[in-house]
Amino acid sequence: MKDFVAIDFETANGKRTSICSVGVVVVRNGKIVDTFYSLIRPRPNFYSRFTTEIHGLTYEDTVGAPDFMEVWCEIAPRIEGLPLVAHNSPFDEGCLRAVFELYEIPYPEYQFYCTCRASRRVFGKQLPNHQLHTVAAACGFDLMAHHHALADAEACAHIALKIL
C-alpha cells in the first residue's frame, strides 16, 4: 500500500464520542506528504483519570478547543479518496462512526485497514505483543511520544509502509 492515511484518536473518557485529539498522516507514493494534529473539545466533555494517565490530556487542555466537526472539516479534504489505516482500527473506526452519529451526519463509509491485525499475520509470535510501540520498533520506528495522536499516527504510517 503506497497511498493511504494513518489516523489516530485519543478519547477523554470511556465514550467513543469523546475524541479529544486526532493525528493524521497522509502518505502518497510511499512518502509522508502531509500531517495534521488538533486538540478537540470532547463530547461528553469530561476526562476519566484512566484516560488522562494514558495520554496526559485534561479538561483544561481542550475546554477552548474546536469541536469535532470543525476539525473534521479540515481533515476531510486531506483524506478524500484514500483508505484509512489505524493500529487497532476497530477502536478508531468505532470512534469515527460514533461521532458522526452523535452529530447526525451520514458516515462516509471510509475503508479501514488495521496494522495490529497485519502485525499478528506478519510477525506472529516473533514479537512479545502487538502493541503499537512494539510493532513500530520491529519496523524500525522509534515511537518517542506514545499516546500523542500525531506520534501514534506517524508510527502507524511507518508500520503500514513496512507490512501492508
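So, helices H5 and H7 first: how do they sit relative to each other? This is a predicted model, by the way. In general, we describe two packed helices by the angle between their axes and the distance between those axes. Here H5, residues 115-123, packs with H7, residues 149-163, at an angle of about 40°, and the axes are 10 Å apart. Angles of 35 to 65 degrees fall in the oblique class, and H5 and H7 are therefore oblique to each other. As for the hand of the crossing, H5 and H7 cross left-handed.

Who's touching whom? On the H5 side you've got Thr115, Ala118, Ser119, Val122 and Phe123. They meet Cys156, Ile159, Ala160 and Ile163 in H7. If you sort the residues of that contact by character, seven are nonpolar, two are polar and none are charged.

Okay, let's move to the largest pocket. Its volume is about 540 Å³, and 24 residues line it. If you want to find the middle of the pocket on your screen, look for Glu10, His87, Asn88, Phe91 and His147, which lie nearest its centre.

Which elements supply at least two residues each to that lining? There's strand S1, at 4-11, and helix H1, at 49-55. Then there's helix H4, at 89-102, and helix H6, at 132-138. And the character of the lining? We have six nonpolar residues, 12 polar and six charged.

Now, one of those residues by the pocket centre deserves another look. Asparagine 88 has a positive phi of about 70°, although it isn't a glycine. You'll find asparagine 88 in the loop between strand S4, residues 84-86, and H4. H4, remember, is one of the elements supplying the pocket lining.

Last stop, a backbone detail elsewhere in the chain. Is the peptide bond from arginine 43 to proline 44 cis or trans? It's cis, with omega near -5°. Proline 44 lies in the loop between strand S3, residues 31-39, and H1. And H1 is another of the elements that supply at least two residues of the pocket lining.

Notes
Residues numbered from 1 in each chain as written. Predicted model: local features only at pLDDT ≥ 70, side-chain atom pairs only at ≥ 80, totals over all residues. Heavy atoms only, no water. Axes fitted to C-alpha atoms, helices over the stretch in contact; angles between N-to-C directions. Helix = DSSP H or I, 4+ residues; strand = E, 2+ residues; numbered from the N terminus. Parallel < 35°, antiparallel > 145°, perpendicular 65-115°, else oblique. Left-handed = near helix turned anticlockwise from the far one by under 90°. Contact = heavy atoms within 4.5 Å. Nonpolar A, V, L, I, M, F, W, Y, C, P; charged D, E, K, R; others polar. 1 Å grid on protein atoms, 1.4 Å probe; cavity = no way out; pocket = protein on both sides within 12 Å on 5 of 7 lines; lining within 4 Å. Points joined across faces, edges and corners; volume = space filled by probe spheres on them.
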